[in-house]
Amino acid sequence: MSARDREGGTTKLMTEQTERAGHIPIHRQIADRLAEAIAQGDYPPGSPLPSEARLVRELGVSRGTVRHALSTLNSRGLTEAVPSRGTFVRRLSPAKIEFRRRVVGVVVPSVAMPYVPAVLAGIEEGLHAHGYSMLAGSNGSSREQQAGRVKRIVDEGVSGLIVYPIDYEPDPELFARLSLGGLPIVFIDRHLIGRPFDAVVADNVGGAFSAVTHLIAQGHRRIAFVSTDNLTTTSVAERIQGYEQALAAAGIAADPSLVFARLRVGKTWGDDYRIANQDNVERIRRFLARSDATAVFALHDHLALEVLEAARALGRNVPRELAVAGFDDDALAGALSTPLTTVVQPRERIGRVAAEVVLDRIAGRRTEVARIVLPTRLVVRASSVTSAPLEAMPA
């Protein structure tokens, strides 16, 4: 029987039932008949239920009644709503989760990236404290690579998944399908807007606000923001928000000409990364040459290092002619000839908290979607002040 035939037969049967059982609320009748159809295999695990519009049309009821019925099925744990796609039958009942291995999959960018080891250390510590192990892998740089590598990890029988999603096209449908299968998923560093997934992130808004406020306190009014072009990534959007809020709080009008966000996200390390770095430095040099900015807040420390190189190429002294601040506090930040003012992310803590959240999900202790924002702090160094005693300020 085709899906269309199944839908037609099921909705016809529901119509007959609603006519005979007027004493039962209509939404309950619809929910009960759909639940029976699911139990009989008319709608296999992972398959979509009839759309709201189809149910409204064939049952002759209001859209509100249909939504109430579908919400009832969701609350019973039989189905799950996927935004913009519809309602789907769950693949696994929550009870089956306990039979999976005591292993959590972790998907991150290349471990060669400077911030990844600390995050992994935090995750591993949090998991081991509760008798779980970690199975880690790289997510690649495209939807296809991410999907393939996530599938390989999930096929190992992991009990949950911690994901640092890729930039540009994170593929929320991939994670929605896994969630429908009963797999707990927690995102780190960034979250997916409008998607019901747990996330553990740094306070990007507060961190950026503190860095830009510090530059303003040094007397700067023409403060540039240098960024990659992945502006829909939530961590990037939040840092822009913090930058703009700091300017507004100081009564400084935001100037779009001071925002340079045309750099591509680095996909690899090694020779390709060095070539991209040289291209970024030249593009930043050209931006600074035509700009009257006296200070720069960079999206992250690697871009801040490229800003420092571009300033040297222009013969501008840092910090007397150009103050620079970054975000992350990578290992090199404090060891440069002009140490970098930057925002410190609690990387290990992000990992530990993400481990706690996914384990709570696995054990059924957490039901509400959580977005946990962890505090950052600003470390002031020589790149932003002419005299630079070490100083730490809460963000």
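1. Helices, which are DSSP runs of H or I of at least four residues, and strands, which are runs of E of at least two, are numbered here from the N terminus. The structure under review is a predicted model, and the points below take up its cavity, one of its pockets, three helix contacts and two backbone features in turn.

2. The internal cavity. A search of the whole structure yields 1 cavity of 30 Å³ or more. The volume of the largest cavity is about 70 Å³. Strand β1 (79–82) and helix α7 (172–180) each contribute at least two residues to the lining of this cavity. The residues that line the largest cavity are E80, A81, V82, P83, P172, A176, S179, R195, P196 and F197. Sorted by class, that lining comprises 7 nonpolar, 1 polar and 2 charged residues.

3. The second largest pocket. This pocket has a volume of about 660 Å³. Its lining is made up of 23 residues, of which E80, R90, R361, R366 and T367 lie closest to the centre of the pocket. Two or more lining residues come from each of β1 and α12 (347–363). The class division of the lining is 11 nonpolar, 6 polar and 6 charged residues. E80 deserves attention when the two spaces are inspected together: E80 is among the residues that line the largest cavity, and E80 is also one of those closest to the centre of the second largest pocket.

4. Helix α5 against helix α12. Helix α12, which supplies residues to the pocket lining, also packs against another helix. The axes of α5 (residues 116–128) and α12 come within 6 Å and cross at roughly 40 degrees. The pair is therefore classed as oblique, and the crossing is right-handed. On the α5 side, the contact involves A118, V119, G122, I123, E125, G126 and L127, which meet R347, E348, G351, R352, A355, V358 and L359 of α12. By class, the residues of this contact are 7 nonpolar, 3 polar and 4 charged.

5. Helix α6 against helix α7. Helix α7, a contributor to the cavity lining, is also in contact with α6. The axes of α6 (residues 143–154) and α7 come within 10 Å, with a crossing angle of roughly 20 degrees. Because angles under 35 degrees count as roughly parallel, α6 is described as roughly parallel to α7. This crossing, too, is right-handed. R143, Q146, A147, V150 and V154 of α6 meet P172, E173, L174, F175 and L178 of α7. The contact consists of 7 nonpolar, 1 polar and 2 charged residues. P172 appears both in this contact and in the lining of the largest cavity.

6. Helix α3 against helix α4. The axes of α3 (residues 52–59) and α4 (residues 63–75) come within 9 Å and cross at roughly 120 degrees. This angle makes α3 oblique to α4, and the crossing is right-handed. Residues E52, A53, L55 and V56 of α3 form the contact with R63, V66, R67 and L70 of α4. Of the contact residues, 5 are nonpolar, none is polar and 3 are charged.

7. Backbone conformation. Most residues other than glycine have a negative phi, and most peptide bonds are trans. Two sites may be checked against this background. S84 is not a glycine, yet has a positive phi of about 70 degrees; S84 is situated in the loop between β1 and β2 (86–89). The peptide bond between V318 and P319 is cis, with omega at about 15 degrees. P319 belongs to the loop between α11 (301–313) and β11 (323–328).

8. Points to view together. Strand β1 recurs in this note: β1 gives at least two residues to the lining of the largest cavity, gives two or more to that of the second largest pocket, and borders the loop that holds S84. Helix α12 likewise appears twice, in the lining of the second largest pocket and in the contact with α5.

Note on methods: Residues are numbered from 1 along each chain as its sequence is written. This is a predicted model: local features need pLDDT of at least 70, side-chain atom pairs count only at pLDDT 80 or more; totals for chains, interfaces and linings use all residues. Side-chain values use heavy atoms; hydrogens and water are left out. On a 1 Å grid over the protein atoms alone, a cavity is a set of points where a 1.4 Å probe fits but cannot get out, and a pocket is an open set with protein on both sides within 12 Å along at least five of seven lines; lining residues have an atom within 4 Å of a point. Grid points are joined across faces, edges and corners, and a volume is the space filled by probe spheres set on the points. Ala, Val, Leu, Ile, Met, Phe, Trp, Tyr, Cys and Pro count as nonpolar, Asp, Glu, Lys and Arg as charged, and the others, Gly among them, as polar. Axes are lines fitted to C-alpha atoms, for helices over the stretch in contact, and angles run from 0 to 180 degrees between N-to-C directions. Angles under 35 degrees count as roughly parallel, over 145 as roughly antiparallel, 65 to 115 as roughly perpendicular and the rest as oblique. A crossing is left-handed if the near helix is turned anticlockwise from the far one by less than a right angle, and right-handed if clockwise. Contact means heavy atoms within 4.5 Å.
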